[in-house]
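Please look over the protein shown here and keep its sequence at hand while reading. The notes that follow are meant for a reader who is new to protein structures.

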Amino acid sequence: MSLRSIVLVKEAGIIIGKGGSSVKEIRERACARINISEQVSGVPDRVLTVSGPIDTIAKAYSLVAQKLIDDSNDPSQSASPQGATIRLLVPHTRMGSVIGKGGSKIKEIQEASGAKLNASEEMLPNSTERTITVVGVPDAIHIAVYHIAQILQEYMDRPLPNHIPYRPQPRFPMMYGPMPGMSPPPAFYGHPGPHGGGYPPMPPMNREMGGGPHGHSGPGSQSQQIFIPNDMVGCIIGKGGSKINEIRHMSGSHIKIAEPQGNTNERLVTITGTPESNQMALYLLYNRLESEKGRMGGW
């Protein structure tokens, strides 16, 4: 079987290693087939595919986790004090089996492995896949991935009607920096900018942040800000904070939504993390807004 996951561009570089040395080592030690999708310009993520028997798949992901942790002396979203983060891709129609009734299966996997698991509520852009984020030390990830793969293997013979695998692709013009020679415009979501459309480019603020209690705001972290309409804040936060926590989990960035100021109809959103994690957070935030805009039939 094959088990796919999302990796940030920087994480993909760590997994591949110089001249492909790291991925070759993982392949040999795990006896699994490993492939990483091509990098798409302006897109913050790539897809890692691991194929083989489930025990070799689990072993490969534990080795990937170890590589990310080993590189964590260079502060990044790849690893944290809790270990490494693996973002597995699971078909929407199979996620219920992984979660279990009332979350029973996911709780069982957490207890057996010691890893923390978080299943996304929504499908990824232009796909019918969701993510399950696994956070832990390599041994914990090994056990958790084994259990998840075991569940998915049970359904391998059943068809996946209208299944659309996730593929990284550029969607939002704002993912690119300001046009040469132009001052960065204010980044108001839904307000046409000088570049056309409703998504002005994100001005890179490049403000270095010191260590802090939130997210990954260590040395080398940056802060970026956008404004969103007041009436869209609820869709970003989600019930009990579920949506914004999901974006935090997937991106590795800290996201803070300011309280409304005066009579303005916008709210300031501050995203703090590495450039790669911030780019992923922006991608997910704008996708969430776009989905809500489509659901509401436009503004």
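What follows is a briefing on this predicted model, grouped by topic.

The secondary structure of the protein chain comes to nine helices and eleven strands, and of its 299 residues 50% count as buried. Among contacts between residues at least 6 apart in sequence, 69% join residues at least 24 apart.

**Helix α2 and its two faces**

- Helix α2 spans residues 21–30, and within this helix Ser 22, Val 23, Ile 26 and Ala 30 are buried. These four cover an arc of only 95° around the axis, which means that they sit on the same side of α2.
- The buried residues of α2 pack against three other elements, namely α1 (residues 9–16), β2 (residues 33–36) and α3 (residues 54–70).
- On the face of α2 that is turned away from the buried side, the exposed residues are Lys 24 and Glu 28.

**Two residues with a positive phi**

- Cys 31 comes just after α2 and takes a positive phi of about 60°, although this residue is not a glycine.
- The place of Cys 31 is in the loop between α2 and β2, and because its relative accessibility is 60%, Cys 31 counts as exposed.
- Asn 126 is another residue other than glycine with a positive phi, in this case near 55°.
- Asn 126 is found in the loop between β6 (residues 116–119) and β7 (residues 129–136), and its relative accessibility of 46% makes it count as partly exposed.

**Glu 121 in the loop between β6 and β7**

- Glu 121 also has its place in the loop between β6 and β7, and with a relative accessible area of 43% this residue is partly exposed.
- Leaving aside residues up to four places away in sequence, Glu 121 touches Arg 130, Ser 242, Lys 243 and Glu 246.
- Glu 121 and Thr 131 are ten residues apart along the chain, and their C-alpha atoms are separated by 8.5 Å.

**Cysteines and disulfides**

- A disulfide is a covalent bond between the sulfur atoms of two cysteines.
- How many disulfides does a search of the whole structure find? The search of the whole structure finds zero disulfides.
- Cys 235 is buried, with a relative accessible area of 9%, whereas Cys 31, at 60% relative accessibility, counts as exposed.

**The largest cavity**

- Rolling a probe the size of a water molecule over the atoms shows where empty space is left.
- A search of the whole structure finds two cavities of 30 Å³ or more, and the largest cavity has a volume of about 170 Å³.
- The largest cavity is lined by 13 residues, and those that lie nearest its centre are Glu 122, Glu 246, Ile 247, Leu 284 and Asn 287.
- The elements that give two or more residues to the lining of the largest cavity are α8 (residues 242–251) and α9 (residues 275–295), and the largest share, four residues, comes from α8.
- Sorted by class, the lining of the largest cavity has six nonpolar, three polar and four charged residues.
- Glu 246 is named in two places in this briefing, since it is listed among the residues nearest the centre of the largest cavity and is also one of the residues that Glu 121 touches.

**The second largest pocket**

- About 290 Å³ of space lies in the second largest pocket.
- Which residues lie nearest the centre of the second largest pocket? The pocket is lined by 15 residues, of which Met 1, Ser 2, Pro 91, Leu 152 and Leu 160 lie nearest its centre.
- The elements that give two or more residues to the lining of this pocket are β1 (residues 2–8) and β5 (residues 83–91), and β1 gives the most, with three residues.
- The lining residues of the second largest pocket divide into eight nonpolar, three polar and four charged.

Notes:
Residues are numbered from 1 along each chain as its sequence is written. This is a predicted model: local features need pLDDT of at least 70, side-chain atom pairs count only at pLDDT 80 or more; totals for chains, interfaces and linings use all residues. Side-chain values use heavy atoms; hydrogens and water are left out. Buried means under 20% relative accessible area, exposed over 50%, partly exposed in between (1.4 Å probe, protein chains only). The arc is that of the directions from the helix axis to the C-beta atoms. Contact means heavy atoms within 4.5 Å. On a 1 Å grid over the protein atoms alone, a cavity is a set of points where a 1.4 Å probe fits but cannot get out, and a pocket is an open set with protein on both sides within 12 Å along at least five of seven lines; lining residues have an atom within 4 Å of a point. Grid points are joined across faces, edges and corners, and a volume is the space filled by probe spheres set on the points. Ala, Val, Leu, Ile, Met, Phe, Trp, Tyr, Cys and Pro count as nonpolar, Asp, Glu, Lys and Arg as charged, and the others, Gly among them, as polar. A disulfide is a pair of cysteine sulfur atoms within 2.5 Å.
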